[in-house]
Amino acid sequence: MLEVRNISFGYTSERLVLDSVGFTAQPGEVVAVLGNNGAGKSTLIKCMDRILTPRSGEVISEGQELLSLGRRELARVCAYVPQTPPGGTLTVFDSVLLGRRPHITWDASPHDREVAMEALGRMGLDGLALRRVDELSGGERQKAALARALAQEPRLMLLDEPTSALDPHNQHETMRVVRELAREKNICAVCILHDLNLAVRYCDRFLFLRGARVFACGGREVMTSENIEEVYGMHVHIVDYMGIPLVVPFPEIQL
């Protein structure tokens, strides 16, 4: 079980970006972190991976407090994919193999290479394994970064807008893979998403942030038009089409 307890963070002493934010999730679940620009979504997952040091709070995975771990120990448990993955002159395969670094004591083993190739295959990048990362498109680079995170074999994946540079087909393919991996590997994935339709279709739990605090958190029962309107300030309807929930915005209607 993942428990995030009372995370608070501020870039200055005058203003908190996160104020006692917390939520829970079970292994196998995908959590969507939702809210307007500036709501603290990226800050939250950076605090969870200790890229930023929160003023207070705990992140507990399967009874283990993650914020007290060393960097190598933390990387064995938690994988973070940034919003804009870096480039570089490494081949795609070598970049993904770096995801095995927390598990390697001396040199990459045949098992490590096998895990890296499997991660490339899951993201549909087999044919790009020997290309340099800086030769990839933005979308391909984002998929390579996700493959690297998969190669870490973490218990917790933190994904900052994993679909932002992808075309519609690859957006759905990526979220489908994330959901499948969460269930197959019994891990928790926390995804920052701006597309509410991707969130409601592929995620199990929903964390709405507003004004530095949790506005709502839970399962499908909190993904309501009322909550979306309160958080985003935009009128929406939620409809069902062939068993698929769809969020239909009406920004021209005044609330």
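Which residue just after α1 takes a positive phi? In this predicted model, that residue is arginine 50, with a phi of about 60°.

## Helix α1

Helix α1 covers residues 41–48. Of its 8 residues, 6 are buried, so the helix is largely enclosed by the rest of the structure. The buried residues in α1 are Lys41, Thr43, Leu44, Ile45, Cys47 and Met48. Each of them therefore has under 20% relative accessible area, the cut-off for being called buried.

## Helices α4 and α5

Helix α4 spans residues 110–122, and helix α5 spans residues 138–151. Their axes come within 8 Å and cross at roughly 140°. An angle over 145 degrees would count as roughly antiparallel, and one from 65 to 115 degrees as roughly perpendicular. The crossing of α4 and α5 fits neither range, and the two helices are therefore oblique to each other. The handedness of this crossing is right-handed.

## A nonpolar surface patch

Five side chains, those of Val239, Tyr241, Met242, Leu246 and Val248, make a nonpolar patch of about 470 Å² on the surface. Two elements each give two or more residues to this patch: strand β11, residues 235–241, and strand β12, residues 244–250.

Is tyrosine 241, a member of this patch, buried or exposed? Tyrosine 241 lies in strand β11. Its relative accessibility is 53%, and the cut-off for exposed is over 50%, so tyrosine 241 counts as exposed.

Conventions:
Residues numbered from 1 in each chain as written. Predicted model: local features only at pLDDT ≥ 70, side-chain atom pairs only at ≥ 80, totals over all residues. Heavy atoms only, no water. Patch = residues over 30% accessible without salt bridge, like charges linked within 9 Å, V, L, I, M, F, W, Y side chains within 5 Å. Areas by Shrake-Rupley, 256 points an atom, 1.4 Å probe, with all protein chains shown as cover. Salt bridge = Lys/Arg side-chain N within 4 Å of Asp/Glu carboxyl O. Helix = DSSP H or I, 4+ residues; strand = E, 2+ residues; numbered from the N terminus. Buried < 20%, exposed > 50% of the residue type's maximum accessible area, 1.4 Å probe, protein only. Axes fitted to C-alpha atoms, helices over the stretch in contact; angles between N-to-C directions. Parallel < 35°, antiparallel > 145°, perpendicular 65-115°, else oblique. Left-handed = near helix turned anticlockwise from the far one by under 90°.
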